[in-house]
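Subject: Structure handover

Hello,

Here is the structure I said I would pass on. Please open it first, then read my notes beside it.

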Amino acid sequence: MEEFRYDTQLLIEGSNLDEDAINDYFREHFKGDCLLAVGDEDLIKIHFHTNEPWLVLEYCATLGEIYDIVVEDMVRQSRGLHG
């Protein structure tokens, strides 16, 4: 079984976004793995495995407009079901 159940992906559109600061915030405040936070000062792509995707969405919404949000249940996917 996966330690972190939800594959959480989204885009953040904003201004003066700092991918290093976002990476640091994730590492300090969220439990999870497979973190990817890349982009530039206007657009950041987030990919993160966690058991609490709502916390990720809540934080990212404070940084700018979030969209293309995908939260997939990897446990269901491992059983051959739609995630």
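Start with Glu41, which sits in the loop between strand S2 (33–39) and S3. Please keep in mind that this is a predicted model. Glu41 is partly exposed, at a relative accessible area of 46%. Glu41 also belongs to a surface patch of negative charge, together with Glu13, Asp40, Asp42 and Glu65. To enter such a patch, a residue needs over 30% relative accessible area and no salt bridge. At 46%, Glu41 passes the area cut-off.

The strands around that loop

The connection from S2 to S3 is a hairpin, made through three residues. The two strands run antiparallel and share five bridges. Two of the facing pairs are worth finding on screen. Val38 is opposite Lys45 in S3. Asp33 is opposite His49 in S3.

S3 covers residues 43–50 and has a second partner, S1. Eight bridges hold S1 and S3 together, again in the antiparallel sense. S1 spans residues 6–13. S1 also pairs with strand S4 (residues 65–73), antiparallel, over seven bridges.

Thr8 is a good place to see both pairings of S1. Which residue does Thr8 meet in S3? The bridge partner there is Phe48. And in S4, which residue stands opposite Thr8? That one is Val71.

A general point helps when you look along these strands. In a regular strand, side chains alternate between the two faces of the sheet.

Buried or exposed?

S1 is mostly covered, with six of its eight residues buried. S3 has six buried residues out of eight as well, so the rest of the structure largely encloses S3.

Phe48 is a clear case within strand S3. Its relative accessibility is 3%, and buried means under 20%, so Phe48 counts as buried. Phe48 and Phe30 are 18 residues apart in sequence. In space, their C-alpha atoms are 9.8 Å apart.

The salt bridge

How many salt bridges are there? The count comes to one. Arg5 pairs with Asp73, and their closest N and O atoms are 2.9 Å apart. Arg5 lies in the segment before S1 and Asp73 in strand S4, so the pair ties together parts 68 residues apart in sequence. In general, side chains of opposite charge can pair when their charged atoms come close.

The two partners differ in cover. Arg5 is partly exposed, with a relative accessible area of 28%. Asp73 is buried, at 7%.

Two backbone angles to check

Two residues other than glycine have a positive phi. Cys34 has a phi near 60 degrees. Cys34 belongs to strand S2 and is partly exposed, with a relative accessible area of 43%.

The other is Asp68, with a positive phi of about 50 degrees. Asp68 belongs to strand S4. Is Asp68 buried or exposed? Its relative accessible area is 53%, and exposed means over 50%, so Asp68 counts as exposed.

Out at helix H3

Finally, look at Gln77 in helix H3 (residues 74–78). Gln77 is partly exposed, at 35% relative accessibility. Compare its position with that of Ala21. The two are 56 residues apart in sequence. Their C-alpha atoms are 32 Å apart in space.

If you have little time, view three things. Take the hairpin of three residues from S2 to S3. Then take Thr8, with Phe48 as its bridge partner in S3 and Val71 opposite it in S4. Then take the salt bridge from Arg5 to Asp73.

Best wishes

How values were computed. Residues are numbered from 1 along each chain as its sequence is written. This is a predicted model: local features need pLDDT of at least 70, side-chain atom pairs count only at pLDDT 80 or more; totals for chains, interfaces and linings use all residues. Side-chain values use heavy atoms; hydrogens and water are left out. Buried means under 20% relative accessible area, exposed over 50%, partly exposed in between (1.4 Å probe, protein chains only). Helices (H or I, at least four residues) and strands (E, at least two) are DSSP runs, numbered from the N terminus. Two strands pair if DSSP finds at least two bridges between them. Patches are made of residues with over 30% relative accessible area and no salt bridge: like charges are joined within 9 Å, nonpolar side chains (Val, Leu, Ile, Met, Phe, Trp, Tyr) within 5 Å. Accessible areas come from the Shrake-Rupley method with a 1.4 Å probe; for residues, only the protein chains shown count as cover. A salt bridge is a side-chain nitrogen of Lys or Arg within 4 Å of a carboxyl oxygen of Asp or Glu. Lys and Arg count as positive and Asp and Glu as negative; His and the chain ends are not counted. The place of a charge is taken as NZ of Lys, CZ of Arg, CG of Asp or CD of Glu.
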